[in-house]
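Here is a short report on charged side chains. It covers how they pair and where they sit.

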Amino acid sequence: MINYISEHQLSIEGFATPFETSLLPENRWVKLAQIVPWDTFASIYMSLMNTKLGRPGIAPRIVLGALIIKHMENLDDRGVIAKIQENIYMQYFIGLKGYNPHPVFDPSLFVEIRKRIGIDSFDKLTTELIKSSSASSDNKQIAKKKDEDEHPPNKGKLQMDATVADQYITYPTDSKLLNASRKQLEKMIDKLYVLSGKKGTKPRTYRRKMNTAFLDYAKKKRKPNAAHRKMNRKLLECVKRNLKHIHKQLDYFESKGQAFPLSHREQKLFWVIQILYDQQKQIYDLKTKSCKDRIVSIFQPHVRPIVRGKTNAKVEFGSKLGVDLENGFARINTLSWDAYNESSDLISQVENYKTLHGYYPELVQVDKIYATRENRAWLKQRNIRITAPPLGRKSKEQLEESYYEKQKRRKEAAERNHIEGKFGQGKNGYNLNKIRARLKNTSESWIATIFFIMNLIRYQKINVFWLQTSIKILINTILLAFKNIIEPLQIQNRKYDKQYV
């Protein structure tokens with residue numbers, strides 16, 4: 001059920017506080033509250049809810065405000081609620097009428113909020129920010145003289161690149177995955193044995209011996225290949241034996257006509273471990289180091305290894321993002337949990353730019369992987385330049401290129417580093433490389449929230465810049481007007497003085 005009343009931003013004087021002083025207008029939360037598109041988010045959020053059934057939901061402004069505070073302050077779910085409970089400026093930011101010493105909602109609701117709000121919702125909010133910041137320039141560009149196909153001239157620069165939003169998981173080795181699977185299967189065996197009334201002999205798991213053996217293996221600083229294979233062979237045997245025990249126990253419950261004893265989470269985990277066992281057995285038998293759709297976490301089976309070739313980490317574990325950047329605003333064009341060639345994103349990202357602004361960009365700034373023959377031909381048909389060097393031998397125009405043109409080309413190619421800085425901002429400032437959500441859809445919502453907050457901060461900087469510029473222009477206009485008034489008076493005074501003398 002929806003509970004939302006659209007209203008304007010509450011004034012600082014109207015916010016009731018238990019203290020003698022009022023809120024300061026210079027506070028960052030007070031300033032940020034004035035630019036967040038609250039009503040746009042409310043309409044998106046309410047479209048995902050039932051209008052008649054259920055109890056009244058939490059106000060959309062409180063939901064979005066709590067998400068913004070969480071990622072701007074790098075807090076966990078419980079820490080966000082505690083921080084809002086203690087901070088009066090944050091309570092003003094999320095739209096409360098006055099100071100409230102009680103929690104705004106239970107921290108466990110963050111999981112349901114992330115399930116409900118996905119990447120599409122935050123992309124709509126980002127679109128609103130970009131439109132509001134470029135509306136005047138877009139209208140001027142569209143009104144200009146159009147070409148034969150009734151298209152306005154190209155304008156603007158679009159930067160593209162791909163990165164990985166790392167999941168916060170331990171580095172997955174074969175032995176770690178098999179040992180974690182063994183322990184989870186042992187817990188299931190214990191539970192099924194208790195539910196069966198402890199009839200018969202409890203299945204043997206040799207857990208004490210395996211715990212000691214794995215601890216000795218883990219303590220070794222240098223592990224030769226033979227030690228790896230020996231440990232993996234023991235763990236594969238244990239996992240196989242435990243799986244066999246569980247199947248027998250489940251057959252017993254089925255023969256008695258009883259309900260399925262495992263919960264939904266345990267059933268999914270049991271299914272994932274069976275697939276993991278088949279993959280690890282294949283790797284062990286064939287003496288390979290990889291396999292198709294390899295599982296790297298039994299609790300997050302959707303995560304895949306993505307080879308990036310970076311210096312500090314050649315393989316990353318998370319979702320691969322195809323991102324475009326224009327005027328400091330970053331949008332997620334592709335979010336894939338499998339590795340893919342990012343050159344396939346170029347056409348769709350350029351078309352999204354046209355849909356948003358009404359015209360194509362004048363320049364596309366990308367690295368070499370995007371400069372395929374297909375992409376080059378598609379851009380050339382639309383008179384869009386690309387920073388990648390042309391194919392083949394140097395033409396006569398290139399050989400006769402002036403110093404100014406060379407410097408311009410190098411500068412445009414170097415500007416592509418802005419998107420690398422945006423990735424650094426997300427990973428160093430907002431933990432884009434430490435996604436702590438476990439589910440697939442909640443992880444996607446987490447990533448989308450981080451990009452929306454970075455765009456929100458960029459939008460705030462643009463507004464502050466234009467405000468300062470407008471104030472300067474106003475002051476200069478006033479000074480010029482006074483100058484135009486005072487100068488004739490000074491000239492008349494000088495003439496009068498000369499006549500008097």
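What follows takes the salt bridges in turn, then a charged surface patch.

**Salt bridges**

The model is predicted. Side chains of opposite charge can pair when their charged atoms come close. In this model the count comes to 19 salt bridges. Three of the pairs are set out here.

| Pair | Closest N to O distance |
|---|---|
| Aspartate 123 and arginine 331 | 3.1 Å |
| Arginine 385 and glutamate 412 | 3.0 Å |
| Arginine 416 and glutamate 420 | 3.6 Å |

Take aspartate 123 and arginine 331, which form a salt bridge. Aspartate 123 lies in helix α7, residues 119-143, and arginine 331 lies in strand β4, residues 329-336, so the pair ties together parts that are 208 residues apart in sequence. How exposed is each partner? Aspartate 123 has a relative accessible area of 24%, so this residue is partly exposed. Arginine 331 is buried, because its relative accessible area is 14%, and the cut-off for buried is under 20%.

Next come arginine 385 and glutamate 412, whose side chains meet in a salt bridge. This pair also has partners in two named elements: arginine 385 is in strand β6 (residues 385-386) and glutamate 412 is in helix α15 (residues 403-414). The two residues are 27 apart, and the pair links distant parts of the chain. Arginine 385 is partly exposed at 33% relative accessible area. Glutamate 412 is buried, with a value of 9%.

The third pair is arginine 416 with glutamate 420. Here the closest N and O atoms are 3.6 Å apart. Arginine 416 has 13% relative accessibility and therefore counts as buried. Glutamate 420 is partly exposed, with a relative accessible area of 31%. Beyond single pairs, Lys70, Asp77 and Arg114 belong to one network, joined by salt bridges that share partners.

**A positive patch**

Which residues form the positive surface patch? Lys183, Lys187, Arg265 and Arg438 do. One of them, lysine 187, lies in helix α8, which covers residues 174-195. Is lysine 187 buried or exposed? Lysine 187 counts as exposed because its relative accessibility is 54%, and the cut-off for exposed is over 50%.

Conventions: Residues are numbered from 1 along each chain as its sequence is written. This is a predicted model: local features need pLDDT of at least 70, side-chain atom pairs count only at pLDDT 80 or more; totals for chains, interfaces and linings use all residues. Side-chain values use heavy atoms; hydrogens and water are left out. Patches are made of residues with over 30% relative accessible area and no salt bridge: like charges are joined within 9 Å, nonpolar side chains (Val, Leu, Ile, Met, Phe, Trp, Tyr) within 5 Å. Accessible areas come from the Shrake-Rupley method with a 1.4 Å probe; for residues, only the protein chains shown count as cover. A salt bridge is a side-chain nitrogen of Lys or Arg within 4 Å of a carboxyl oxygen of Asp or Glu. Lys and Arg count as positive and Asp and Glu as negative; His and the chain ends are not counted. The place of a charge is taken as NZ of Lys, CZ of Arg, CG of Asp or CD of Glu. Helices (H or I, at least four residues) and strands (E, at least two) are DSSP runs, numbered from the N terminus. Buried means under 20% relative accessible area, exposed over 50%, partly exposed in between (1.4 Å probe, protein chains only).
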